[in-house]
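User: Please take a close look at one position in the model shown below, and then set it in the context of the rest of the chain. A connected account would suit me better than a list.

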Amino acid sequence: MAKFLFVTDLDHTLVGDDAALSALNQQLQYHREEHGTMVVYATGRSPTLYQALRQQQEMLDPDYAVLAVGTLIYPGNSTTALPEWADYLSLGWDRDAIVAIASQCPDLVSQPQSEQTPHKVSYFLDEAIAPQLLPQLAAQLRDAASNFQLVYSGSQYLDILPKRGNKGTAVGFLQEQLAIAPERTVVCGDSGNDLSMFTPKQSKGIIVGNARPELRAWYQSVQPNHVYLATGHYANGILEGLIQLGFLKE
Ligand code: GLC
Ligand code: MG
């Protein structure tokens, strides 16, 4: 057994089954002490909602917290995000131009102010309308701004982010910072905003058994060899995957 970079989404992936979470925490803590394994949380939550979850759940202190869908990176329990990552995302990102266009769209309902961050503009969007609206919105945005991506998750959340910023690019940044090979990285998730972590083929991935249709659809169409689709839900699915992929012993 050797050191690895453990990256996990929080809602409906790490968190969802308290007994399973506690069993996984024990294994990870042991691996950390014995082998120096690193723990990273990668969530859509803003700092405010992340702190609220930390109060509610028994969670390990992470080595890094990647918040707001990869647009904020915090070392450990620090409350100051890495400025170099913010600078990198700012290049060519025109938030005001994006808000000006998106706010004209009556089907987009703004998320609370706490979820609007310098590199993330977030709405609620009904899943019945999304397939039609997203391409239209992308076309309108392209007229005003070239640097953006649309990320739709959980059948209700729409995030507009800089092209260079998502959970996947944040994990790539951390792999470099920590000098951990993609092959020794495992990412875990359940929904659309986790997809960018699964697409690099060198890293290993675990999709939990309770994953949302949008992530399952990707798995079914791509049939990725580097990703394990668990039967177990939440942290049970993660534990199952870590054993299957050879990161932990049974
Ligand atoms: C979290 C965030 C929300 C975001 C969603 C999907 O729920 O609070 O702002 O839209 O994740 O990424
Ligand atoms: Mg999730």
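Is Val69 buried or exposed, and what is its relative accessible area?

Analyst: In this predicted model, Val69 is buried, with a relative accessible area of 1%, and that value falls under the 20% limit below which a residue is called buried. Val69 sits in the loop that joins strand S3 (64–67) to strand S4 (72–75). Its backbone deserves attention as well, since phi of Val69 is positive, at about 55°, although the residue is not a glycine. As background, most residues other than glycine have a negative phi.

A useful counterpart is Ala179, a residue other than glycine whose phi is likewise positive, near 55°. Ala179 also belongs to a loop, in this case the one between helix H6 (167–178) and S9. The surroundings contrast, however: Ala179 is exposed, with a relative accessible area of 70%, whereas Val69 is buried at 1%. A further positive phi, near 85°, is found at Gly246, which follows helix H9.

Helix H9 itself covers residues 234–244, and its buried residues are Ala235, Gly237, Ile238, Leu239, Glu240, Gly241 and Leu242. The elements that cover these buried residues include strand S1 (5–8), helix H1 (18–35), strand S9 (185–189), strand S10 (204–207) and strand S11 (227–229). H1 leads to another buried loop residue, Thr37, which is found between H1 and strand S2 (38–42) and has a relative accessibility of 2%. Leaving aside residues up to four places away in sequence, Thr37 touches Ala2, Lys3, Phe4, His31, Arg32 and Asp63. The C-alpha atoms of Thr37 and Val187 are 13 Å apart in space, although 150 residues separate them in sequence.

For the wider frame, the chain is divided into domain 1 (5–87 + 165–244) and domain 2 (92–161), and 16 residues from domain 1 and 13 residues from domain 2 take part in the contact between them. The C-alpha centres of domain 1 and domain 2 are 24 Å apart. The largest pocket lies between the domains, because domain 1 and domain 2 both give residues to its lining. The volume of the largest pocket is about 500 Å³; 24 residues line it, and the closest to its centre are Asp11, Gly44, Arg45, Tyr157 and Asn193. Strand S6 (121–124) and strand S8 (157–161) each provide at least two residues of this lining. By residue class, the lining divides into five nonpolar, eleven polar and eight charged residues.

Asp11, one of the residues closest to the pocket centre, is also a donor to the magnesium ion (ligand 2). The protein donors of this ion are Asp9 (OD), Asp11 (O) and Asp190 (OD), at 2.1 to 2.3 Å from it, so that Asp11 is listed with O where Asp9 and Asp190 are listed with OD. Along the sequence, the donor residues follow the spacing D-x1-D-x178-D. Two of these donors can be placed by accessibility: Asp9 is buried at 4%, while Asp11, at 26%, counts as partly exposed.

Another loop residue to inspect is Ser155, which lies between strand S7 (149–153) and S8. Ser155 counts as buried, at 15% relative accessibility, and it touches Leu125, Glu127, Arg212 and Glu214 when residues up to four places away in sequence are not counted.

Finally, two helix residues give a sense of distance across the model. Gly172 lies in helix H6 and is partly exposed at 26% relative accessibility; its C-alpha atom is separated by 20 Å from that of Tyr228, 56 residues away along the chain. Ala100 is in helix H4 (residues 95–102), is partly exposed with a relative accessible area of 45%, and is 38 Å from Pro182, C-alpha to C-alpha, with the two residues 82 apart in sequence.

To return to your question, Val69 is a buried residue with a relative accessible area of 1%, in the loop between S3 and S4, and its phi is positive.

Technical notes
Residues are numbered from 1 along each chain as its sequence is written. Chains are lettered from A and ligands numbered from 1 in the order in which they are written. This is a predicted model: local features need pLDDT of at least 70, side-chain atom pairs count only at pLDDT 80 or more; totals for chains, interfaces and linings use all residues. Side-chain values use heavy atoms; hydrogens and water are left out. On a 1 Å grid over the protein atoms alone, a cavity is a set of points where a 1.4 Å probe fits but cannot get out, and a pocket is an open set with protein on both sides within 12 Å along at least five of seven lines; lining residues have an atom within 4 Å of a point. Grid points are joined across faces, edges and corners, and a volume is the space filled by probe spheres set on the points. Helices (H or I, at least four residues) and strands (E, at least two) are DSSP runs, numbered from the N terminus. Ala, Val, Leu, Ile, Met, Phe, Trp, Tyr, Cys and Pro count as nonpolar, Asp, Glu, Lys and Arg as charged, and the others, Gly among them, as polar. Domain bounds come from an automatic or database domain assignment. Donors are N, O and S atoms within 2.8 Å of the metal (3.2 Å for Na, K and Ca); water is not among the atoms, so sites may look incomplete. Buried means under 20% relative accessible area, exposed over 50%, partly exposed in between (1.4 Å probe, protein chains only). Contact means heavy atoms within 4.5 Å.
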